[in-house]
Amino acid sequence: MNGKTAKTQQDARYLAAARTHGAMIERLARGYEADAELRRDLVQEIHAALWRSFAIFEGQCAEKSWVHRIAHNVGVTHMMTGRRKRRLRLVGLEQIEELPNDDDPEHSTGERTLSDRLLATIHRLEPADRQVMLLYLEDLTAAEIGEVTGLSASAVAVRIHRLKALLAEPYRAQEKRA
């Protein structure tokens, strides 16, 4: 295959993937970056990495898994680089005791919805837990998440169960008050 044909195929594969998975990339970027300006940069980084990746993609896995893997790898790198710059402390699932409260100074500007609080909790998770939760929210199965993350399907299922229990806690508290 000559260089021009390969580039044309790369462009076509990227454009098709961007159309199919563009909304997922936007949602995923929201999970990895809270700042709107930085999130736009992240989305661009993901699209650039995705385009480059189609030069080497040979169908080793489903295209959906490939796109998720590329997007999450870029998201994790972005998050870790940002953490170093901002000195943001990430915590493991075992260390999160509760979701950020409304009276938390960080969250006191304006009225925050419960979904914002849940997203804030996801932003505090370490990369492996955040990746599993974001993929779960994209409706991937435990096996598909395992294909993207390299974890076993049973390890993914355990993490999902624990994350769901943690993230459902505010809803339970709200139901008790009603």
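Here is a friendly set of questions and answers about this predicted model.

Me: How many residues does the largest nonpolar core have, and which helix gives the largest share of them?
Reply: Happy to start there: the largest nonpolar core has 40 residues. Helices α1, α2, α3, α4, α5, α6 and α7 each supply at least two residues of this core. The largest share, 8 residues, comes from α1.

Me: Which residues does Ile 25 touch, leaving out those up to four places away in sequence?
Reply: Ile 25 is a good one to pick, as it is among the residues with the most contacts inside the largest nonpolar core. Ile 46, Leu 50 and Val 67 are also on that list. Leaving out residues up to four places away in sequence, Ile 25 touches Val 43, Ile 46, His 47, Leu 50 and Val 67.

Me: Which residues do ring pairs link into a cluster?
Reply: Let's take the pairs in turn; the structure holds 2 aromatic pairs. Phe 54 and Phe 57 form an edge-to-face pair, with 5.8 Å centre to centre and 85° between the planes. Phe 57 also pairs with Trp 66, this time tilted, at 4.7 Å centre to centre and 40° between the planes. The cluster linked by these ring pairs is Phe 54, Phe 57 and Trp 66.

Me: Are Phe 57 and Trp 66 buried or exposed?
Reply: A residue counts as buried when its relative accessible area is under 20%. Phe 54 meets that description, and so does Phe 57. For Phe 57 and Trp 66, the answer for both is buried.

Me: How many residues apart are Glu 138 and Arg 27, and where does each lie?
Reply: The side chains of these two meet in a salt bridge, 2.6 Å from N to O. Glu 138 is buried at 15% relative accessible area, while Arg 27 is partly exposed at 47%. Glu 138 lies in the loop between α5 and α6 and Arg 27 in helix α1, so the pair links distant parts of the chain, and the separation is 111 residues.

Me: Which helix holds both Glu 37 and Arg 40?
Reply: Their side chains meet in a salt bridge, 2.3 Å from N to O. Arg 40 is partly exposed, with a relative accessible area of 47%. The two residues are 3 apart, about one turn of the helix, and the helix that holds both is α2.

Me: Which helices does the salt bridge between Arg 159 and Asp 129 tie together?
Reply: The closest N and O atoms of Arg 159 and Asp 129 are 3.1 Å apart. Arg 159 is partly exposed at 24% relative accessibility, whereas Asp 129 is buried at 8%. Because Arg 159 and Asp 129 lie in separate helices, the pair ties together parts that are 30 residues apart in sequence, namely α7 and α5.

Me: Why do the buried residues of α6 lie on the same side of this helix?
Reply: The helix runs over residues 142-149, and Ile 145, Gly 146 and Val 148 are buried in it. They lie on the same side of α6 because the arc they cover around the axis is only 165°.

Me: What phi does Gly 150 take, and where is this residue?
Reply: Gly 150 is easy to find, as this residue comes just after α6. The sign of its phi is positive, and the value is about 90°.

How values were computed
Residues are numbered from 1 along each chain as its sequence is written. This is a predicted model: local features need pLDDT of at least 70, side-chain atom pairs count only at pLDDT 80 or more; totals for chains, interfaces and linings use all residues. Side-chain values use heavy atoms; hydrogens and water are left out. Buried means under 20% relative accessible area, exposed over 50%, partly exposed in between (1.4 Å probe, protein chains only). Helices (H or I, at least four residues) and strands (E, at least two) are DSSP runs, numbered from the N terminus. The arc is that of the directions from the helix axis to the C-beta atoms. Rings of Phe, Tyr and Trp (its six-membered ring) pair if their centres lie within 6.5 Å; planes under 30 degrees apart count as stacked, over 60 as edge-to-face and the rest as tilted. A salt bridge is a side-chain nitrogen of Lys or Arg within 4 Å of a carboxyl oxygen of Asp or Glu. A nonpolar core is a set of buried Ala, Val, Leu, Ile, Met, Phe, Trp, Tyr and Cys residues joined through side-chain atoms within 4.5 Å. Contact means heavy atoms within 4.5 Å.
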